[in-house]
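I opened a fresh page for this entry and set out to look at ring contacts and at one helix. My notes follow in the order in which I looked things up.

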Amino acid sequence: MRVLVTGVSGFSGSTVARRLASGGHDVVGTYRRDTDFLAPLRGGARLELLRMDLTDASKLAGPFDAIVHIAATSPAPGVDVATLVRDNIDASFALIKAAGRWGVGRFIFFSSLSYYGRIEQDVVDEATPVRDPDAYGASKLIAEQRLAELSAEFSSLALRLPGIVGPGAHRNWLAGVASRLRAGEPIHAFHLDRLYNNAAHIDDIAALVHAVLTCEPWGGFDAAVLGAAGSLTVREIIERLARALGASAKIEEIAPANTSFTLSSAHAIARYGYQPSEIGALIDRYGRETS
């Protein structure tokens, strides 16, 4: 199968590209800028790398049997709404339009829990209501809606992702906790005694993507929430990560900034064979990987 993977200069994209190439797929990976994540991909078997802007997706030499769309701009200092619209909506629309022209069989979209906006229930699944998402969440929601509108043209699956961990993970809560623990800094956290499983290992996600590409097309648009198996309290998560890092955990409870919830991966497990790591094992592994 010839697969287009976007965002291969990123943490998630590079791992998914390697997993698919090692699984026998011919991978064309796109990226916008050079990063350290590209080094293991260069010269790899079944891997072709292209530097490009996805708003020019129509210029890609198709066809492709499948697309895994990972590239996105996340909220960060200096990232304004116009940038999010261009990078996450305009680029996605251009890619989706090209997918129809190429006659792809399936399209996997890396979405986000930010899709839901303000979450007000204890367990999040695919039916959780959308309430006032921010600009980033809205960009994911709009891309998902476009895929749903074109559900008659190709099978598409939106993976609604939590914080993703693994070697090189950054810009999520667990990565931030690990960084502060290594530096000997106190950890400020809320809902310390509430349950938490809002994480997934990139290897589990990459394995799921590979499985989805090798199964029969499912027809239409679908979405799946991904998280870890089981749950631990926030306090237990921090203390366990500290032990894995060989660090001391100095925890300071602060006032909640938002509600507490866990994730249900039941649909992804039953429909697509997702095999999430147990949250404790995931934390132990991530600690070893980031030491």
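**Aromatic rings and a helix**

I began with Phe154, which counts as buried because its relative accessibility is 4%, and I kept in mind that the model is predicted. I then looked up Phe107, which is also buried, with a relative accessible area of 0%.

Searching the whole structure for aromatic pairs, I found 6. In one of them the ring centres of Phe107 and Phe154 are 5.9 Å apart and the planes lie at 20°, so I entered the pair as stacked. This pair links distant parts of the chain, since Phe107 is in strand S5 (residues 106-112) and Phe154 is in the loop between helix H3 (135-149) and strand S7 (155-161), 47 residues apart.

I turned next to Trp173 and Tyr196, whose ring centres are 5.2 Å apart with planes at 50°, so that pair is tilted. Trp173 belongs to helix H4 (residues 173-182) and Tyr196 to strand S10 (residues 195-196), 23 residues apart. Trp173 is partly exposed at 29% relative accessibility, whereas Tyr196 is buried at 11%.

For charges over rings, I noted the charged end of Arg160 over the ring of Tyr115, 3.8 Å from its centre, and that of Arg146 over the ring of Phe93, 6.0 Å from its centre.

Last, I checked helix H1 (residues 11-22), whose 12 residues should span 16 Å at 1.5 Å a residue, and the 17 Å between its end C-alpha atoms agrees. I found 9 of the 12 residues of H1 buried, among them Phe11, Val16 and Leu20. Gly24, which follows H1, has a positive phi near 100°.

Note on methods. Residues are numbered from 1 along each chain as its sequence is written. This is a predicted model: local features need pLDDT of at least 70, side-chain atom pairs count only at pLDDT 80 or more; totals for chains, interfaces and linings use all residues. Side-chain values use heavy atoms; hydrogens and water are left out. Helices (H or I, at least four residues) and strands (E, at least two) are DSSP runs, numbered from the N terminus. The expected span of a helix is 1.5 Å times one less than its number of residues. Buried means under 20% relative accessible area, exposed over 50%, partly exposed in between (1.4 Å probe, protein chains only). Rings of Phe, Tyr and Trp (its six-membered ring) pair if their centres lie within 6.5 Å; planes under 30 degrees apart count as stacked, over 60 as edge-to-face and the rest as tilted. A charge sits over a ring if NZ of Lys or CZ of Arg is within 6 Å of the ring centre and within 35 degrees of the ring normal.
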